[in-house]
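This report looks at charged pairs and at one surface patch in a protein chain. Have the sequence and the structure at hand while reading.

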Amino acid sequence: MRRRRDLGSLVFVDLRDREGIVQLVFSEDRHPEVFAAAKDLRPEFVIAVKGVVENRMPKDVNPHMATGAVEVEVSELEVLAQAETPPFAVEDESLVSEEMRLQYRYLDLRRPFQNARIVARHRLAQRTRNFLSGEGFIEIETPFLTKSTPEGARDFLVPSRLRPGTFYALPQSPQLFKQLCMVAGFDRYFQIVKCFRDEDLRADRQLEFTQIDIELSFPTEDLIMSLAERLTLELFAEAGVTAPEEVPRLTFAQAMDRYGCDKPDTRFGLELKTVSGIAAATGFGVFRGALEAGGCVRGLCVPGQAGMSRKQIEDLNAVVKPFGGKGVVSLMRKGGALAGAALKHIGEGPAEALLDAVGAGEGDVGLFVADAYDTACACLSALRLHFSKALNLVEAGRHDLLWVHRFPMFEWSPEEGRWSAKHHPFTMPAQEHWDLLESDPGKVEAQAYDLVLDGNEIGGGSLRIHRADIQKRVFRALGFSEASAQEKFGFLLDAFRYGTPPHGGIAFGFDRLTMLLLGCDSIRDVIPFPKTTSGLCLMTGSPGTVDEKQLEELAISLREKRPE
RNA sequence: GGGAUCGUAGCUCAGUUUGGUUAGAGCGCCGGCCUGUCACGUCGGAGGUCGCGGGUUCGAGCCCCGUCGGUCCCGCCA
């Protein structure tokens with residue numbers, strides 16, 4: 001039960017279940033035998049009642065309540081379980097810190113709106129299963145206790161008792177197994193499956209999370225994209241969210257050029273422009289320095305913001321700082337004249353040209369960042385998002401889906417002094433770039449694609465390498481020796497020797513997608529029992545220490561963590 | 001690994017700027033009254049290691065150092 005309203009010789013009780021609420025009436029006149037017991041009812045008691053469902057008198061109807069026209073006149077009452085006063089009211093309206101919600105997660109989940117999110121998640125999962133089954137995919141389970149692989153995220157390790165000193169790893173994704181399903185002739189595979197990555201958490205990242213994992217044989221990029229789009233639209237429909245009419249495709253290079261980001265939010269403009277040519281013609285040291293170092297000058301126009309205060313402009317530097325930006329140069333057209341702190345260094349003529357280049361008219365401000373291309377992109381992308389929030393530029397109810405594809409195959413890792421796979425090492429390089437694998441790995445494009453929803457990556461995949469010779473060349477480009485490739489992935493290379501269909505697939509971040517479709521701000525809201533950003537479960541207290549006996553059985557001895 | 005921010009009653013918060021008598025509010029809780037409530041009303045009451053540890057001071061919720069925990073971000077997350 002939810003709440004009791006005691007009017008003396010008349011007691012009302014709201015009775016709640018998963019479906020909703022109904023009002024019970026305990027009347028001293030009509031049922032004195034149960035009336036006394038009703039006085040002792042308290043919130044969260046579990047009760048069973050018998051009574052007659054009656055229409056309320058017209059004046060007593062509650063129009064705000066789905067069941068407000070009826071009530072149950074109770075003649076028998078049994079208290080199945082009493083309840084202590086909960087630490088917070090089990091009501092949608094009660095304000096509770098997330099710490100409390102996570103500590104008493106079962107009470108938080110009991111709240112109708114939170115309960116509904118978990119039910120909605122179930123519906124999305126079921127819709128996924130039905131859709132993919134209908135498309136001829138079969139759900140195949142893959143192991144959680146598997147082998148640690150290099151590349152990618154940190155693994156969670158599970159010690160083996162039967163072979164002391166050895167460890168299983170929990171899968172970062174079922175990637176290798178789904179490819180082996182293709183080798184095994186399953187043709188179309190899917191799975192709604194937990195993945196484990198021992199990395200730092202965020203509002204949209206958990207240590208364990210759920211993917212909709214899909215793989216098929218004899219694919220093309222178009223085939224996979226079209227399948228993924230149809231699945232996504234099914235899920236939009238299930239969630240009751242209006243889907244966008246088209247799903248445009250951008251190459252990675254185009255996305256960086258226009259938005260400075262590989263998962264752009266396209267629901268608002270503020271597109272980026274490169275103005276290096278104009279900037280080079282000025283004597284401005286900030287511009288010259290960046291250009292001489294091989295960088296660029298890029299900018300964007302924020303309409304109608306020429307009136308920003310000096311402090312607001314100053315604060316923009318703080319927006320770009322976390323992304324390695326040194327600062328933002330701003331120019332305004334205000335009252336027919338130019339303004340901006342750097343105007344005197346840039347000069348009126350070049351300033352006009354810069355503002356023209358980003359499309360800034362009267363009342364607008366142009367913001368410019370001079371830096372290495374990647375840094376400039378990151379800073380301007382951050383500025384785009386900053387202004388979209390500050391100026392509320394996203395139209396309510398609008399959702400944009402788009403593909404970003406043809407990612408670079410490799411990115412240079414300065415720490416390790418080698419190339420590393422941007423997607424993963426099993427991604428098929430574009431065929432016309434195979435010759436560059438040895439000569440110029442940085443120019444190789446991958447047949448990989450990400451699906452982006454409102455600036456969030458909700459899915460990503462690729463066509464895979466199905467030929468052992470290409471796979472070996474990619475491993476070599478990544479700096480794996482023949483021996484280490486064989487040791488880590490030998491089973492995959494072996495499998496490829498026995499006839500492997502071309503294959504490819506995609507994986508959706510199911511939690512993240514659910515979060516976005518339900519309009520939640522945190523992935524934790526759609527996960528029944530999530531962990532905090534420091535990886536703790538406040539309800540169970542995990543992770544925890546274990547008995548010496550358990551460690552002994554595993555032949556594990558603990559040692560002090562070495563100071564960094 | 002780094003940055004920001006928060007931690008005061010069961011819950012949500014004010015009080016910290018400028019150290020000073022007995023730390024407050026709303027909700028909840030407990031008790032009384034109430035026959036049409038549905039955020040019931042009304043009268044009364046209880047309830048505090050100010051996250052924890054140390055320091056400065058005649059005196060610390062308030063200042064300093066450390067630590068634990070929540071949240072957000074950078075790095076990281078193929």
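In this predicted model, the side chains of Arg-333 and Asp-356 meet in a salt bridge, with N and O 2.6 Å apart. Arg-333 belongs to strand β14 (residues 329–334) and Asp-356 to helix α12 (residues 348–358), so that the pair links distant parts of the chain, 23 residues apart. Are the two partners buried or exposed? Arg-333 counts as buried because its relative accessible area is 12%, under the 20% limit used for that word. Asp-356 has a relative accessible area of 52% and is exposed, since exposed means over 50%.

A second pair is formed by Arg-249 and Asp-222, whose closest N and O atoms are 2.5 Å apart. Arg-249 lies in strand β11 (residues 249–251) and Asp-222 in helix α6 (residues 221–239), so this salt bridge ties together parts that are 27 residues apart in sequence. Arg-249 is partly exposed, because its relative accessibility is 37%. Asp-222 is also partly exposed, at 45%.

A third salt bridge joins Asp-108 to Arg-101, with 3.0 Å between the closest N and O atoms. Asp-108 is buried, as its relative accessible area is 0%. Arg-101 counts as buried at 11% relative accessibility.

The three pairs are listed below.

| Salt bridge | Closest N and O atoms |
|---|---|
| Arg-333 and Asp-356 | 2.6 Å |
| Arg-249 and Asp-222 | 2.5 Å |
| Asp-108 and Arg-101 | 3.0 Å |

Which residues are linked with Asp-108 and Arg-101 in a network of salt bridges? The network also includes Arg-105, Arg-111, Arg-117 and Asp-525. In total, the structure holds 50 salt bridges, and the pairs described here are among them.

The remaining topic is a patch without charges. Tyr-106, Phe-529 and Met-539 form a nonpolar patch on the surface. Together these three residues have about 300 Å² of accessible area. Tyr-106 is placed in helix α3, which covers residues 105–110. Its relative accessibility is 45%, so Tyr-106 counts as partly exposed. That value fits its place in the patch, because patches are made of residues with over 30% relative accessible area and no salt bridge.

Key. Residues numbered from 1 in each chain as written. Chains lettered and ligands numbered in written order. Predicted model: local features only at pLDDT ≥ 70, side-chain atom pairs only at ≥ 80, totals over all residues. Heavy atoms only, no water. Patch = residues over 30% accessible without salt bridge, like charges linked within 9 Å, V, L, I, M, F, W, Y side chains within 5 Å. Areas by Shrake-Rupley, 256 points an atom, 1.4 Å probe, with all protein chains shown as cover. Salt bridge = Lys/Arg side-chain N within 4 Å of Asp/Glu carboxyl O. Helix = DSSP H or I, 4+ residues; strand = E, 2+ residues; numbered from the N terminus. Buried < 20%, exposed > 50% of the residue type's maximum accessible area, 1.4 Å probe, protein only.
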